[in-house]
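Student: I'm new to this one, and I keep tripping over the labels. Please show it to me, and I'll keep asking how you know.

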Amino acid sequence: MSVRWSCSFRRFVHHIRRAEAHNDLSDTGASVTFPPPRQTQQRTHDPSIILVGNTFYLYNVGEHIIIHTASKLNGPWKRVGSVLDENSVIPKGDRAAPWAPTVVAFQETFYCYYSVSKAGCRDSAVGVATSDSPGPGSWLDHGIVVQTGTGKYSDRAPYNVSNAIDPATLILTDGSAYLTYGSYWTGIYQVPLTKDLLSPVSTTQPDTRHLAYEPQALGPPNPNADSICGDPTGPHAIEGAFTSYHSPYYYLWLSHGRCCDLDRGTLPTEGAEYSIRVGRSQSPRGPYFDRNGTDLVNGGGTVIYGSNGDTYAPGGQGVIQVNGTDFLYYHYQNKSVSLAFSDALLGFNPLEYVNGWPVVKA
């Protein structure tokens, strides 16, 4: 999203365990360094990419959700318009520039799920717009799918303890669909959607699953925290969930750590910046476990991609399949250029699966 919850904690002083820029990727214990991203030179934040015919569509944070197109993942990308023609119909948060869009296609309809919120607060909502085309000009904003903090049904569990941002929707071959959402506070949740993909199967008794959580507070609490704006227990830095499938496993991808408004003079403790983590399950509903067998709800998550060289704080990730190969895409900061939010770049790498675990390749 345009300014994640973590951005409000500018003095991140709590030391956490170091997430090395190395990852155990084999049963022998051998480790490799992360490869650099494949370059695009495209500024973006929280990208969502789909392939329609021979054209890639990139959706990202910006006024009314910006759309770019390209014939190749590495670009060049051309700005062609936006999803929404005006501000979101949801009367919350940053209505002009919704955060963290995710676009999926089902039965010739395109669905753009997006977030509206205010940095540091969980008075948030996930909305959805639909179109018969992936490009600009014909999107209909349906408004709220789920909401937290205030509003109808926000007092129901888990909406009463979670933050309705960073949506991602998984659609199975039988047409059943699941919305994953969440950021900080109590972590990541999943709720089944109706057949039209516009609302939860039940608004009063949502059949939710708690999929991931960072139990350790990775910084001090906000002294003015009231559970709506600020977490009294401190920031639990996990967000940006995305689910992909590579037989026989479903993979839950997560962004972990601090992402935004980074200052060269006060960078987070090494390993506390954004990194991309994953767990897997043979069921789309979880539970998801990391390579060490730790449930992601208990703080698990295998580090798949992290800072390396000038590549700093990768996250906001997704997975797209192109010609039978899965590609991990994400935003990152180039330390030799800028750490400004607006200068985040789109990067991507092919994935290889070793013993059922994804490995990022050059």
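**Labels and what's behind them**

Student: What makes Y245 partly exposed?

Tutor: Y245 has a relative accessibility of 43%. Buried means under 20% relative accessible area and exposed means over 50%, with partly exposed in between, using a 1.4 Å probe and protein chains only. Since 43% sits between those two limits, Y245 counts as partly exposed.

Student: Hang on, what am I looking at here?

Tutor: This is a predicted model, where local features need pLDDT of at least 70 and side-chain atom pairs count only at pLDDT 80 or more, while totals for chains, interfaces and linings use all residues. Residues are numbered from 1 along each chain as its sequence is written, and side-chain values use heavy atoms, with hydrogens and water left out.

Student: Okay, why is Y250 called buried?

Tutor: Y250 has a relative accessible area of 14%. That falls under the 20% limit, so Y250 is buried.

Student: How many aromatic pairs does the structure hold?

Tutor: There are 10 aromatic pairs. One of them joins Y111 and Y113, with 6.5 Å centre to centre and 15° between the planes.

Student: And what makes the pair of Y111 and Y113 stacked?

Tutor: Rings of Phe, Tyr and Trp (its six-membered ring) pair if their centres lie within 6.5 Å; planes under 30 degrees apart count as stacked, over 60 as edge-to-face and the rest as tilted. With 6.5 Å between centres the two rings pair, and 15° is under 30, so Y111 and Y113 are stacked. Y111 is also buried, because its relative accessibility is 8%. Y113 is buried too, because its value is 0%.

Student: Then why is the pair of Y245 and Y250 called tilted?

Tutor: Y245 and Y250 are 4.5 Å apart centre to centre, with 45° between the planes. That angle is neither under 30 nor over 60, so the pair is tilted. Elsewhere, F34, Y305, Y330 and Y332 form one aromatic cluster.

Student: Which residues have the most contacts inside the largest nonpolar core?

Tutor: Those are W253, Y305, L328 and L351, in a core of 20 residues. A nonpolar core is a set of buried Ala, Val, Leu, Ile, Met, Phe, Trp, Tyr and Cys residues joined through side-chain atoms within 4.5 Å. Strands that each supply at least two of its residues include β16 (249-256), β20 (325-334) and β21 (345-354). There's also a second, separate core of 17 residues, with V104, F106, L193 and L197 among them.

Student: Why would residues like that gather?

Tutor: In soluble globular proteins, nonpolar side chains tend to be buried together.

Student: How do you know where a strand such as β13 starts and ends?

Tutor: Strands (E, at least two residues) and helices (H or I, at least four) are DSSP runs, numbered from the N terminus. Strand β13 covers residues 188-193 and contains V191. V191 is buried, because its relative accessible area is 1%. Contact means heavy atoms within 4.5 Å, and beyond four places in sequence V191 touches residues including Y159, P206 and R285. The C-alpha atoms of V191 and P206 are separated by 6.6 Å, although the two are 15 residues apart along the chain.

Student: What makes A313 stand out?

Tutor: A313 has a positive phi of about 55° although it is not a glycine. A313 lies in strand β19, and it counts as buried because its relative accessibility is 3%.

Student: Where is S227 found, and is it buried or partly exposed?

Tutor: S227 sits in the loop between β14 (209-212) and β15. At 33% it lies between the two limits, so S227 is partly exposed. It isn't a glycine either, yet it has a positive phi of about 80°.

Student: Which peptide bonds are cis?

Tutor: One joins G75 and P76, with omega about 5°. Another runs from S247 to P248, with omega near 5°. P76 is in the loop between β5 (66-70) and β6 (78-82), while P248 lies in the loop between β15 and β16.
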